[in-house]
2 protein chains.
Amino acid sequence: MINNFYYHTPTELVFGKDVINYLPEVIKRYGKNVLLTYGGGSIKKIGLYDKIKELLKDFNVIELAGIEPNPKYETSVVEGARLCKEHHIDVILAVGGGSVVDCSKAISVCAKYDGEGWDLISGKVKAKESIPLVDILTLSATGSEYDSGCVITNISKNDKRGYMDDIMFPKVSLLDPTYTFSVNKWQTACGTADAINHLLEQYFAYPNNSFNDGLLIEGMKTLMKNVKIALEESNNYDARSELMYLCTLACNGILSNGSGSSGWPMHSIEHALSGYFDITHGAGLAIITPRWMKEILSNRTLERFVTLGIRLFEFDSNMDKEEMANKVIDNFYQFFLSIGIPMHLKELGVDENRIEEMAKHILQHDSTLGEFMYVELDEAALIRILKTSM
Amino acid sequence: MINNFYYHTPTELVFGKDVINYLPEVIKRYGKNVLLTYGGGSIKKIGLYDKIKELLKDFNVIELAGIEPNPKYETSVVEGARLCKEHHIDVILAVGGGSVVDCSKAISVCAKYDGEGWDLISGKVKAKESIPLVDILTLSATGSEYDSGCVITNISKNDKRGYMDDIMFPKVSLLDPTYTFSVNKWQTACGTADAINHLLEQYFAYPNNSFNDGLLIEGMKTLMKNVKIALEESNNYDARSELMYLCTLACNGILSNGSGSSGWPMHSIEHALSGYFDITHGAGLAIITPRWMKEILSNRTLERFVTLGIRLFEFDSNMDKEEMANKVIDNFYQFFLSIGIPMHLKELGVDENRIEEMAKHILQHDSTLGEFMYVELDEAALIRILKTSM
């Protein structure tokens, strides 16, 4: 059965080598004044920055550089919104990974709002307007290029928020897999882990249906196979293109329409971790995944694990179900380990003494923990997941 | 590998029982003057017409009734465009199946064009503007509710044309499976056959990739399973909802992005058949399918059939490949037969004496025969496919 759903993604996807050549004609639709946003400068190393400046030589390009991973409200968002107002920006061009795109989405609404931007991001006020956003992706991971959400951290409030609004969908996402050739092993592994986790969060939605199971599992298979190739051979176009496309689809919803409401419990937990300790999002998710699975494994969820066992890992369907479920969990653990993610939070600098505080924070601040999920997580459960993840 | 692609579907999907209640708020976005388009009156039988009139009591509703299957340019499209101009229509509300939605798309552009509308549909002139289109679907079949194409027949020119343009995407598609409860067995079978064929045409695109194979095959499985249930039990919501969602996705492209260019060879052939003999589109496609498969089966396509054998029909992977390919073809034949489609064109009134003429017509008029396909079809091949389909 297909459950009731609303689905809408107006973003244009332009995928393939050299699609950047469409940039001037895309930008021209929106105006002359461009805010170019990017991160730590890797786009300069790979020659992308120069290429963009050349392509946009007839436009007025203002720059916001240095957007950090886990982008911060107080610095990047506020500064970007200020630049937009000052320079009458017509269109934002985000060049980078999920953090740059997320930050640019937040800027796109804050720039059109006269009050305190955090009121929009925290959901206190509904945004009415946004500046059009175009992106050039350089990292396959979050799927922000094909959704309407962003995750922004407010350092002074110790608060990392997911914020969604249809007016933040990018207008156009230019997806050239060759821009991900230079992504290092750590970022490649963590980006893929992020996307796998997106598929898993949707897979564990309740109720599910067999069609969506199929789509989500095909997605996981494709990611798990291709990340290994990309880690061996960084410039492998085939593998990089499949990673890029799958990461783009993984957070969009098209693979799970009609599957009932899915919470984002692992994301909720991870947002606390990276909010407190600024760890890499995908690594945090990978580490939590098998521990969260152990926590929710019960008679109610057993069949979900069995389906993963048979359809994703091709286990013998005659295997004892509980044994299979545990093997599924172990396979995810071993898979993440095999792509280079240390599977213990302490290796990323997380302090065990703050677990109780984080558990409380998650329950207070995060509404995506999943009231519709198979298993509701209380404080004790959160503490167990975090402790076993150490 | 993901091949270069462009993908864009801005249509909002609103899916589920009673979503019609959103109608006033959806229509209000576009204006006061509504052209309500529908077919032969089945929407009156199921009470949908009255419900719509009640919901739109504060709007000016002009009606275009009697849109026929294989909608005709000279009657429905021209008349619809005339009504739009005369009544300053702000939004078209199409209520029905693919024919009504297709016809309404053609109306939406012809109404904003001062010249001869057929110049748009035949591709001579590019449309610049369209009237917003909203639809309420009552038949799961063509997927027109989620694509930018329409198929229109020009009787005086004996010409059935596929016409696509991004400005014809519906703004909103309201998808309530309960409106398909009363669809009879013949239309249920033919609608599903249409959607299965859409998936097959994309599956046989070249080059393919394993991820898209997975999505398309999951789609076929879901359709083949649920049509049997819906034929047994017309009011089965689960089955009707899966048919409705899958038909909506099947022609959209989201299941085959990155799979290389796909021709629509079976559709090309069928368009001639229904252009000449006004047969039901899905039935024509079902009859052609196994004969087309026989024609293209060769060393070059063998593996495509084997993948279908293993992943769709779960044949033993050790089976001889050629044997498996033939079994796949036979399975499709038997499947279509089992859902009530007579598997010979003569049973639908097609005259064998006009096969040569139709073959010539297809080659002259239809550019979607598939130059990028595995196997190019010449006149002799078309004649063989049509003759064996008799």
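In this predicted model, strands S5 (residues 133-137) and S8 (residues 172-175) of chain A run parallel and are joined by 3 bridges. To pick out one spot along this pairing, Asp135(A) has Ser173(A) as its bridge partner in S8(A). As background, the strands of a sheet pair through backbone hydrogen bonds, and they can do so in a parallel or an antiparallel way.

Zooming out, S5(A) and S8(A) turn out to belong to an open sheet of 12 strands with mixed pairing. Reading across it, the order goes S3(A)-S2(A)-S4(A)-S5(A)-S8(A)-S1(A), and then carries on into chain B as S1(B)-S8(B)-S5(B)-S4(B)-S2(B)-S3(B). At the edges sit strand S3 (60-64) of chain A and strand S3 (60-64) of chain B, each of which pairs on one side only. From one strand to the next, the twist averages 25°. Helix H5 (residues 98-110) of chain A lies across three of the chain A strands, namely S2 (33-37), S4 (91-96) and S5, and runs at about 165° to S4(A).

Now for the domains. Chain A splits into domain 1 (12-180) and domain 2 (185-389), and their centres, taken over C-alpha atoms, are 27 Å apart. Where the two touch, domain 1 of chain A puts in 22 residues and domain 2 of chain A puts in 24 residues. On the domain 1 side, strands S1 (5-15), S6 (149-154) and S7 (159-164) of chain A each supply at least two residues, with S7(A) giving the most, at 3 residues. Sorted by class, this side of domain 1 of chain A has 9 nonpolar, 9 polar and 4 charged residues.

Conventions
Residues are numbered from 1 along each chain as its sequence is written. Chains are lettered from A and ligands numbered from 1 in the order in which they are written. This is a predicted model: local features need pLDDT of at least 70, side-chain atom pairs count only at pLDDT 80 or more; totals for chains, interfaces and linings use all residues. Two strands pair if DSSP finds at least two bridges between them. Helices (H or I, at least four residues) and strands (E, at least two) are DSSP runs, numbered from the N terminus. Axes are lines fitted to C-alpha atoms, for helices over the stretch in contact, and angles run from 0 to 180 degrees between N-to-C directions. Two residues are in contact if their C-beta atoms, placed from the backbone, lie within 7 Å. Domain bounds come from an automatic or database domain assignment. Ala, Val, Leu, Ile, Met, Phe, Trp, Tyr, Cys and Pro count as nonpolar, Asp, Glu, Lys and Arg as charged, and the others, Gly among them, as polar.
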